[in-house]
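Please look at the sequence and the model together before reading on. The paragraphs below are meant to be read with both in view.

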Amino acid sequence: MLVSEDREEPVIVDQESMGRYIVVFDPLTGLAEPPCEDMGAIFGIFRQRSQGLPNLDDVTQPGRQIVAAGYALYGSSTVIMFR
């Protein structure tokens, strides 16, 4: 499942490609349609706690449950930082 505040509904990945992780992300510009200049995004990755299809509880986990997080800056060059 992919979740962003810029989208009204989460993106559910098809079951054949689905893993056991939830990815939350947001553009650094704060705009749903950012300009074509330098921009980027922050992201966090949680383990899916529920069985079957992901649900709201999988998305609303506390921050201490994040297994990875980072940011990507892209423009004339691309930088990806994660931990």
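What follows goes from the overall fold to the sheet, then to the core and two loop residues.

The model is predicted. The mean pLDDT of the protein chain is 84, and 89% of its residues reach 70 or more. Confidence varies between elements: β4 has the highest mean pLDDT, at 92, while β5 has the lowest among the elements, at 85.

The secondary structure consists of 1 helix and 5 strands. Read from the N terminus, the order of elements is β-β-β-α-β-β. The protein chain has 83 residues, of which 23% count as buried. About 6,100 Å² of the chain is exposed, and carbon and sulfur atoms supply 55% of that area. If contacts are taken between residues at least 6 apart in sequence, 42% of them join residues at least 24 apart.

How are the strands arranged? The 5 strands form an open sheet in the order β1-β2-β3-β4-β5, with mixed pairing. β1 and β5 are the edge strands, each pairing on one side only.

The sheet can be followed from one edge to the other. At the β1 edge, β1 and β2 run parallel and are joined by 2 bridges. Here Leu-2 stands opposite Val-23 in β2. Further along the sheet, strand β3, residues 39-47, pairs with strand β4, residues 66-74, in the antiparallel sense over 8 bridges. Within this pair, Gly-40 is placed opposite Leu-73 in β4. At the other edge, β4 is joined by 5 bridges to strand β5, residues 78-82, and the two run antiparallel. Gly-70 stands opposite Phe-82 in β5. β4 and β5 also form a hairpin, with 3 residues between them.

The next topic is the interior. In soluble globular proteins, nonpolar side chains tend to be buried together. In this model, the largest nonpolar core is made up of 5 residues: Met-1, Val-3, Ile-22, Phe-46 and Val-59. Which residues does Phe-46 contact, leaving aside its neighbours within four places in sequence? The contacts of Phe-46 are Arg-20, Tyr-21, Ile-22, Val-24, Asp-58, Gln-61, Pro-62, Gln-65, Ile-66 and Val-67. One of these, Ile-22, is also listed in the core with Phe-46.

Two residues in the loop between β1 and β2 show how burial is assigned. Ser-4 is found in this loop. Is Ser-4 buried or exposed? Ser-4 counts as buried because its relative accessibility is 10%, and the cut-off for buried is under 20%. Beyond its neighbours within four places in sequence, Ser-4 is in contact with Phe-25, Asp-26 and Pro-27.

Met-18 also lies in the loop between β1, residues 2-3, and β2, residues 21-27. The relative accessibility of Met-18 is 21%, so Met-18 counts as partly exposed; that class lies between the buried limit of 20% and the exposed limit of 50%. Setting aside neighbours within four places in sequence, Met-18 is in contact with Ile-12, Val-13, Leu-53 and Pro-54. Met-18 and Pro-54 are 36 residues apart in sequence, and their C-alpha atoms are 9.8 Å apart in space.

Technical notes
Residues numbered from 1 in each chain as written. Predicted model: local features only at pLDDT ≥ 70, side-chain atom pairs only at ≥ 80, totals over all residues. Heavy atoms only, no water. Core = buried A, V, L, I, M, F, W, Y, C linked by side-chain atoms within 4.5 Å. Buried < 20%, exposed > 50% of the residue type's maximum accessible area, 1.4 Å probe, protein only. Contact = heavy atoms within 4.5 Å. Pairing = 2+ DSSP bridges. Helix = DSSP H or I, 4+ residues; strand = E, 2+ residues; numbered from the N terminus. pLDDT = per-residue confidence, 0-100. Areas by Shrake-Rupley, 256 points an atom, 1.4 Å probe, with all protein chains shown as cover.
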